[in-house]
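Good morning, and thank you for making time for this presentation. I would ask you to keep the structure in view while I speak.

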Amino acid sequence: MSIQIPRGTQDILPGEVEKWQFIEQKAKDICKRYLYKEIRTPVFEHTELFQRSVGDTTDIVQKEMYTFEDRGSRSLTLRPEGTAAVVRSYAENKMYGQTVQPVKLYYLGPMFRYERPQAGRYRQFVQFGVEAIGSDDPAIDAEVISLAMELYRELGLKKLRLVLNSLGDSASRKAHRDALIAHFKPRIGEFCEDCRHRLETNPLRILDCKRDREHELMSSAPSILDYLNDESRDYFDKVKKYLEDMEIEYVVDPTLVRGLDYYNHTAFEIMSDAEGFGAITTLCGGGRYNGLVQDVGGPDQPGIGFALSIERLISALEAEGVLPPHEESIDCYIIALGEKAMDYAVPLLQEIRREGLSAEKDYMGRKMKAQFKAAERMNAKHALIIGEDELEKGKAAVKDLQTGDQEIVPLENIVDFLIRGK
Ligand code: HAM
């Protein structure tokens, strides 16, 4: 039996990969303008990093991690997300001591989660994310959100919904947590096993339960917004004001809790409202994580960031029909006839390419007509025709495949001629 690709992963083939390169380049360009610098961390980390940061009781850590023991009996995990590793690296490399603050980083790379694959949900997916660490100015929250919105806007997406919430500081969260326990406890027997467990470990997660979504206690559950203390409310108000100043529309949804434990204050998701986009509509998620740097062993430095997957971004672009068509062409195709001309074409091809032009020759022993066909298929601008006859005369025919014009050019001038006609 032939071996197939693992479930939940995909090959990105030529023809498709250009979309990825286009988007990745846009992401890098926008980071350059917003002054976020690239960071690359390992694809695997000590398992403990994710247990401590993403949270022991989250679905990601409990059910979705690719964890393995290496030959030295260490427990390692393929990263399910990027924030934990960036924060670990920030602390380990003492970036809090750098002169430029806050430290603004971005990353682009594969993440791994053992989830049930479906449209928009993969086991290996590529996240583009940014993290701004070292500032608790609400303006940086607004900047991070605006960067994501700007990337989508520049790529042409229109049907977006920014959903915003505040999870408050630790005092607000504690008050809300107590209220949630009091609310659910008397009737927790009516909830699924996971929720019964969550009541003790992480009652906020009950609000995120897919199975008990329709239970009447869900809609009447205490809202975090009613438990924000003055400081947390002021913070949230400022973030909203800055977004309004930048004319970024949002809706506040107090049930937005996010699936990772490290968040406080600002939490947000960007959803696609495009028709036919599929069941999973979240394109991007992020929020503030004051306390996380300390949790992984660094000093008490605040942070905020987001991540989005390229897979879902491409689906959204396709749903809105705004991906620019990819057209490829090459500068020159050498049509060589006869053995001598074939041999001559080898170093000539190298010379043309060295000059920065894209060029190809035949490697399949095709006849002249088929070589012309190949040149057309590759959308070549010029065909360079060399036969034994031409070689003897020291000349070749250069045909402009768009206009059909043909010129006889001395062999020593061919490269110059092609550069001029580029
Ligand atoms: P997250 O919400 O778990 O947050 O994931 C962020 C984004 O990654 C999602 O909105 C979605 O676009 C994409 N994503 C997640 N799982 C999958 C999957 N199985 N297949 C395809 N795409 C997926 C985080 O990862 C946080 N680290 C975000 C963050 C950065 N918060 C602060 N800084």
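I shall go through the sheets, then the ligand site, and finally some details of the backbone.

Please bear in mind that this is a predicted model.

Let me begin with a sheet of 8 strands. This sheet is open, its pairing is mixed, and the strands follow the order S1-S5-S6-S11-S10-S9-S7-S8. Strand S1, residues 37-38, and strand S8, residues 251-252, each have a single partner strand and stand at the edges, so one side of each is left without a neighbour in the sheet. Helix H1, formed by residues 17-34, packs on this sheet and touches strand S5 (103-112) and strand S6 (124-133). The direction of H1 makes about 160° with that of S5.

Within the sheet, I would draw your attention to strand S9, residues 264-272, and strand S10, residues 282-288. These two strands run antiparallel and are joined by 6 bridges. To locate the pairing on your screen, find Met 271, which stands opposite Thr 282 in S10.

Strand S10 also leads us to the ligand. Which strand gives the most to the shell around the ligand? The answer is S10, with 6 residues. At least two residues of the shell come from each of S6, S10 and strand S11 (303-309).

In total, 28 residues surround the ligand, and the closest are Glu 81, Thr 83, Glu 115, Tyr 263 and Leu 283. By character, the shell divides into 12 nonpolar, 9 polar and 7 charged residues.

Let us turn to individual polar contacts. Glu 81 places a polar side-chain atom 2.5 Å from a nitrogen atom of the ligand. For Thr 83, an N or O atom of the side chain is 2.8 Å from a nitrogen atom of the ligand. With Arg 113, the ligand atom concerned is an oxygen, and the distance to an N or O atom in the side chain is 2.9 Å. How much of the ligand's accessible area does the protein cover? On its own the ligand has 660 Å² of accessible area, and the protein covers 96% of it.

I now move to a sheet of 5 strands. Here the order is S13-S12-S14-S15-S16, again in an open sheet with mixed pairing. At its edges are strand S13 (359-361) and strand S16 (406-410), each of which pairs on one side only. From one strand to the next, the twist averages 25°.

Strand S12, residues 330-336, runs parallel to strand S14, residues 380-386, and 6 bridges join them. One such pair is Tyr 333 and its bridge partner in S14, Ala 383. Helix H12, residues 339-354, packs on the sheet and touches S12, S13 and S14, with its direction at about 165° to that of S13. Helix H13, residues 368-377, lies across S12, S14 and strand S15 (395-400), and runs at about 175° to S12.

I close with the backbone. Most residues other than glycine have a negative phi, and most peptide bonds are trans. Where do we find Pro 102? Pro 102 is in the loop between helix H4 (83-92) and S5, and a cis peptide bond with omega of about -5° joins Gln 101 to Pro 102. Lys 94 is likewise placed in the loop between H4 and S5. Although Lys 94 is not a glycine, its phi is positive, at about 50°.

Thank you for your attention.

Methods: Residues are numbered from 1 along each chain as its sequence is written. This is a predicted model: local features need pLDDT of at least 70, side-chain atom pairs count only at pLDDT 80 or more; totals for chains, interfaces and linings use all residues. Side-chain values use heavy atoms; hydrogens and water are left out. Two strands pair if DSSP finds at least two bridges between them. Helices (H or I, at least four residues) and strands (E, at least two) are DSSP runs, numbered from the N terminus. Contact means heavy atoms within 4.5 Å. Axes are lines fitted to C-alpha atoms, for helices over the stretch in contact, and angles run from 0 to 180 degrees between N-to-C directions. A residue is near a molecule or strand if one of its heavy atoms lies within 4 Å of it. A polar contact is a pair of N or O atoms within 3.5 Å; within protein, one must be able to donate a hydrogen and the other to accept it, and residues adjacent in sequence count only if both atoms are side-chain atoms. Accessible areas come from the Shrake-Rupley method with a 1.4 Å probe; for residues, only the protein chains shown count as cover. Ala, Val, Leu, Ile, Met, Phe, Trp, Tyr, Cys and Pro count as nonpolar, Asp, Glu, Lys and Arg as charged, and the others, Gly among them, as polar.
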